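Me: I am new to this one and would like to know how its labels are earned. Could you take me through some of them?

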Amino acid sequence: MKRWIAILTLLCALVLTGCGRETSVDGTVTAVDYDEDGLVTALTLCTSDGKTEQVELTESTGLFSWVEGTDRADIRPEMTVRVEGERKDGVWQADWVSITGVPEHGAAVLPDGTVVDALHRSWGEKVYQLPDGTQLLRVNDTVWPEDVVVGGVPVNYDDLSPAVQTAVSAYFHDQGVGYDEQAELERAYEAYCADPEQFSAYVVGQNVSPCGASERVIYYETDVTLPVSSGVITGETTVTAFDRETGAVIPAEDLFTCTPEELIAAVLDAAGVTEQPLRREAEAAFRLEYLRLSDTGIDIQYPVGTVPSQEHSWGIFQDYDETILSLIQPWAVPEGNQ
């Protein structure tokens, strides 16, 4: 079952229990009471404004964890939770309790010996923070091919045969993530130390999802979020082609009837990019992994720093025309333009 299906189920339940009224409280668990069977019966919370709230749970109280691997029996002090229910006589009667954060002490050690904790939060986010609560790095949980369904593409993971699913998943898991978590944490700490007043947390993450298909090929794109500086992020996208029958990776050069040099020249010509030095830099920096074939055209995204005259990342989208289509293998053109 896909992650979003579970989330929709929870949201529907919360809407039904809270219909017509706003009845929720968020806080950090400071104490937990149990019955003789070890079932959680009550919580004490500290809210963000320092108030203490008492919460009672019954056997019918629902529980959902936004943090993978935790359930009702795992509720303990220092976790953060959201309570949905009704406040009566100063006590919350919980219809739902959602675990929204789980602490991890000593999650990392910085070069100067500083020990950093992490908080595993909603939506698969892990936040590294200093002892005073300053957030250094937010790591969004990686979304793998088996985790996601994308609307608007002709083929999703579940449409593939089991053998091809295995091959696609194995390829991306073997590739791993496109960033070094410890290195990014250290970069963030260095930026914080240099200017604590202006610092905001760095962000990293990676999503792998289908982006198109033809009769023979399914395309997956890998989107990596990387920090540039405090408060500034960039995205790097690469595309991988797989044979829909075997799951084998199709080399990018096999998708075209020309060389990469001829391809980028034709795309820049069609787009009217003639200004120097941009044209020269775009041709010199071009790599096939920067290119994505969509059902309407060619999308090329250059990472930050690859086109020297551009301060940020630079990209171009060119609609298919007769010339461009002649440079692509007919079987590689995504559905909609065959």
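Me: Is E181 counted as buried, partly exposed or exposed, and why?

Reply: Happy to help! This is a predicted model, in which local features need pLDDT of at least 70, side-chain atom pairs count only at pLDDT 80 or more, and totals for chains, interfaces and linings use all residues. Residues are numbered from 1 along each chain as its sequence is written, and side-chain values use heavy atoms, with hydrogens and water left out. Buried means under 20% relative accessible area, exposed means over 50%, and partly exposed is in between (1.4 Å probe, protein chains only). E181 has 22% relative accessibility, so E181 counts as partly exposed.

Me: What makes E181 and K126 a salt bridge?

Reply: The term asks for a side-chain nitrogen of Lys or Arg within 4 Å of a carboxyl oxygen of Asp or Glu. The side chains of E181 and K126 meet at 2.9 Å, N to O, so the pair fits the term. E181 belongs to helix α3 (residues 181–194) and K126 to strand β8, 55 residues apart. Helices (H or I, at least four residues) and strands (E, at least two) are DSSP runs, numbered from the N terminus.

Me: Why does K126 count as buried?

Reply: K126 has 18% relative accessibility, so the label is buried.

Me: How do you know that R87 and E53 form a salt bridge, and which parts of the chain do they link?

Reply: Their side chains meet at 3.1 Å, N to O. R87 sits in strand β5 (residues 80–88) and E53 in strand β3 (residues 52–56), 34 residues apart, so distant parts of the chain are linked. R87 is partly exposed at 46%, while E53 is buried at 9%.

Me: Why is the pair of Y302 and W314 called tilted?

Reply: Rings of Phe, Tyr and Trp (its six-membered ring) pair if their centres lie within 6.5 Å; planes under 30 degrees apart are stacked, over 60 edge-to-face, and the rest tilted. Here the centres are 5.5 Å apart and the planes at 45°, so tilted is the word. Y302 lies in strand β15 (residues 297–302) and W314 in strand β16 (residues 314–319), so the pair ties together parts 12 residues apart in sequence. Y302, at 1% relative accessibility, counts as buried, and W314, at 13%, counts as buried too.

Me: What makes R216 a charge over the ring of W331?

Reply: The rule wants NZ of Lys or CZ of Arg within 6 Å of the ring centre and within 35 degrees of the ring normal. R216 lies over the face of W331, at 3.9 Å from the ring centre.
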